[in-house]
Amino acid sequence: MPAERAGYTVTMFLVDTSPSMRKLRTVELPPDHNGEVHSTQMTHLQWALQFVKLKIQEMIFNGRKTDQCGVVVFGSTDTDNIINEQNGGYEHVSEYIPIAQPNAGTLSKLDLLKPTDSFGDPIDALIVGVETQAIHLASKRTWTRKIVLVTDGESPIEIEDWEATVEKMNSLNVGLTIVQLLTASNEPSGVDFDDEEFGFTEPNKNHIKRANEEFFHKFIQALDTGFVGTCEEALRETAKPDIRQTKSVLMGTVLRLGDVDTLPDEAFELIVKTSKCTALTRPKSWKKFAVREAKPKEPGQDYGEDQDMEDDSAEAAKVAYAQLKMRSEYYIDQTSGDIDADGDVKMEEDENENLLDEGSNKEKKKPSEEENASYLEKVEKEQLVRGFKYGTTYAPCPDGQFPRLKTRKGIEICGFFPAENFRRELCMGEIQYVWADPSSAIQQAALSSIVKAMNEKNSMAIARWVTKDDMDPKMGVLTPVEWDEVDCLLWAQMPFADDIRKYTFASLDNLVSKKGEILTEHPFIPTQEQREAMNAFVDGMDLMDAGDKDEEGTIESYNPSIHRTKQAMFHCAVVSDLVANPLPPPHPELLKFFEPPKRVLKRSREALEECINVFKIKHVPKKVLKTRKDEHAHAQDEDDNLLLLEGKRPSLHATMSQVQISEPSSSTQHIFLNKSKARANPDNSETEEEDEGEDELLLDSVKKPAATPPPSAPRNNQPLPTPARSISPEVDSGRAPGRIIGLTYPLADFKKNIAQGDVVTKAVEDLAAVIVEIVMRPFSSRRTKELLECMQFLRETALLEDEIDAWNAFLVDLKDKCNSEPGNEEFWSELKDIGRSISLISNKEAKQHGGSSKVSEGGAINFFS
């Protein structure tokens, strides 16, 4: 389907309001929340207007001023059309809604249409619609013209000289769509036109309808652009997700290669045009409405009792809604916002982020609205200065933005690279076409030569695009594309190097114990049986042989958030009672890729059962949190945040400002709910015994402090420890049982023990073991500098305290482990760079300090080689 220009279209809807449109039909409604299927009755006109309103809603939804429509009714009681005013005739045809951009009033006016007792001729309405459209588009010959005729086909038609109407429509390039309806209420729920593809054929047609249907098919075949179908099929196609291909406007720019100003002989410029290849679509945002408040009666204004009752009943029958619009007011909080020496405003810290504070059983009294108002000073927007967040402060920017980089409009090619090195996952944003100037053959030949050369070398280009002078540049790639009749480039925006974050993670297959040993069996390491089961499941879910080969793949997959939201908005605008006529289910095309293919599910069923058995997967019931006494609803029913706190056992210093933490219970919801809870007031002695058990509980398995607060103050009246009011908790030294050197501060522990003098041998052995353990841990590179300091001090101590054999044995063990798997070759390279000063202690070096060694001087020098 060729792309058409978005908007710039006038659609005329010709609606039949003849007496036959008063007939009732039964329409099945979608299942309700209980799964029950209901039905309702509506007239043919109401059924037809649903299609018309859905088509008009599409125009309102797009919001284009160049997307216009008009409505002509035939079978109306009166006659109101431009041909009748000039030449007479064309009775019972009225221009119901003039051509204009549709709005909500258009839909409201359509709801007022009712069947009449007059018959109208569809051909008369068609001629009136074509003429009305032609007069409106007299000076807009490039606009698209469409006509939609909706009828049940039971009204008589004057078919004389219909060929002239076809010629006129073809000359104006008018597209016609005819939609016909069901005739009798006792017929099956379908449509009137015989449609073998849709699966409906009406057996009992009257002769008028049969003749009209044959004529409509003949009429459509004579047109250059025409369609005929059923109303139910049309409604189904209207609900189908659709991606309309539209023509993008060509924007002029310049393609450069080299410096045309400094080296004009070695550079060139091409005049090119750019247009969109893809465009990002988002769901329409919702608007908020509220019931408009009734105006109060003015004092002294008195009406009669009967009139008051009539006004009240009228207000109750009709409720007016008004759209809520956002309004911004600016205030300065005079109680917060410290200013540093540079004039930057510091951000206020959120006290609620501290979990210990959140668990306090005392709530800080919230200031009233009057107290808040006294601290707030209203300012105008013109008095404000824009600021940008920088660390913990806001840096003011009086001009609203920082100075821009001096740039020049155009696309500059920075270089070329092999296409196989292109990282598609880094591609971002929309894709743009880059065409040569359509009016210059020289420019087209030049761009075509670039495209062919890039294809021949299998290369892509790195380009810098500036949309306007002094605008921020964008970096991207240009891909050559050769089609049958034209060559062009495709532009794809790429991120800057500063926008890319590289994260490294330890291998999931290799686990290292605290002692530096490689574990082969662990609950976190999959067994061979588990790997085989998962491989079988992955092979069973392979889509490559799930069915017939689909060349287009997922190109027809649609975004549910866009199309389902659109369907809900359209349905709510068409239907007046959502309870009686609920939202229908999504279109099957929208759910096409929601479920795996049946063949794949059947093939992988046994592998899935094997995975469940091997991995011992069990259903974990959801933990129900205890309801609070104040009947607050749970903000969330997830336990993820609790897992972060599990197993944390801080050992706190006992100070005057601390409080004992009681054992946890099942009620932990206040950690997540009451974000307004702040630190308790130490001067407030009031307590609530009934809430003591709930509000003091913070973490699972938290130990009590070693000391208790003084008896002068109740336990539940003390403030919880925070950095602002108490000493920080002791840091865990990471000292394993039996060791005197910890993992946290190994050098400090070593110096402390060496100073005692009687545990030198034990300290040397433990520090050596700690260094090996830290080196073999993941992310040990963060402590490389610290480890080198430890080793240098350990070598000096071993040399002076005659622990030379211990040092040499430690260094040999470290070498073996660093060069094994998984190892740490990076750390061993650091040691190589240092060289002899940190190598083995030789016999020559040991004799200088009164010791002995089994390593020769040459062996110590060649140890790192």
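The exercises below, each followed by a worked solution, deal with a predicted model of a protein chain.

Residues are numbered from 1 along each chain as its sequence is written, and side-chain values use heavy atoms, with hydrogens and water left out. Because the model is predicted, local features need pLDDT of at least 70 and side-chain atom pairs count only at pLDDT 80 or more, whereas totals for chains, interfaces and linings use all residues.

**Exercise 1. The chain as a whole**

Determine how many helices and strands the chain has, and what percentage of its residues is buried.

Solution. Begin with the secondary structure, taking helices (H or I, at least four residues) and strands (E, at least two) as DSSP runs numbered from the N terminus; the chain has 24 helices and 26 strands. Next, call a residue buried under 20% relative accessible area, exposed over 50% and partly exposed in between, with a 1.4 Å probe and protein chains only; buried residues make up 36% of the 865 residues. Finally, with contact meaning heavy atoms within 4.5 Å, 72% of the contacts between residues at least 6 apart in sequence join residues at least 24 apart.

**Exercise 2. Strand β8 and its partners**

Establish which strands are joined to β8, and why β8 counts as largely enclosed.

Solution. Start with pairing, which requires that DSSP find at least two bridges between two strands. Strand β7 (residues 144–151) runs parallel to β8 and is joined to it by 7 bridges, with Val148 having Thr177 of β8 as its bridge partner. Strand β9 (residues 226–230) is likewise parallel to β8, through 5 bridges, and here Ile178 is partnered by Val228 of β9. Then turn to burial: 6 of the 7 residues of β8 (residues 174–180) are buried, so the strand is largely enclosed by the rest of the structure.

**Exercise 3. Two helix pairs**

Work out how α5 is connected to β7 and β8, and how α4 and α5, and then α12 and α15, are oriented.

Solution. First, β7, helix α5 (residues 162–171) and β8 make a right-handed β-α-β unit, where right-handed means that, with the strands pointing away from the viewer, the path from the first strand over the helix to the second runs clockwise. Second, the axes of helix α4 (residues 122–136) and α5 come within 11 Å and cross at roughly 25°, so α4 is roughly parallel to α5, given that angles under 35 degrees count as roughly parallel, over 145 as roughly antiparallel, 65 to 115 as roughly perpendicular and the rest as oblique. At this packing, Leu126, Ile127 and Val130 of α4 meet Thr165, Lys168 and Met169 of α5. Third, helix α12 (residues 528–540) and helix α15 (residues 605–614) pack at about 155°, their axes 8 Å apart, and are therefore roughly antiparallel. The residues making this contact include Ala533 and Phe537 of α12 and Leu608 and Val614 of α15.

**Exercise 4. The barrel and Ala492**

Find which strands close into a barrel, and state whether Ala492 is buried or exposed.

Solution. The 7 strands close in the order β11-β12-β21-β24-β23-β22-β20, with mixed pairing. Within this barrel, β12 (residues 268–276) and β21 (residues 428–436) pair in the antiparallel sense over 5 bridges, and Lys273 stands opposite Trp435 of β21. Ala492 lies in strand β24 (residues 487–493) and is buried, with a relative accessible area of 8%. Apart from neighbours within four places in sequence, Ala492 is in contact with Cys427, Ile431, Gly476 and Val477.

Methods: Axes fitted to C-alpha atoms, helices over the stretch in contact; angles between N-to-C directions.
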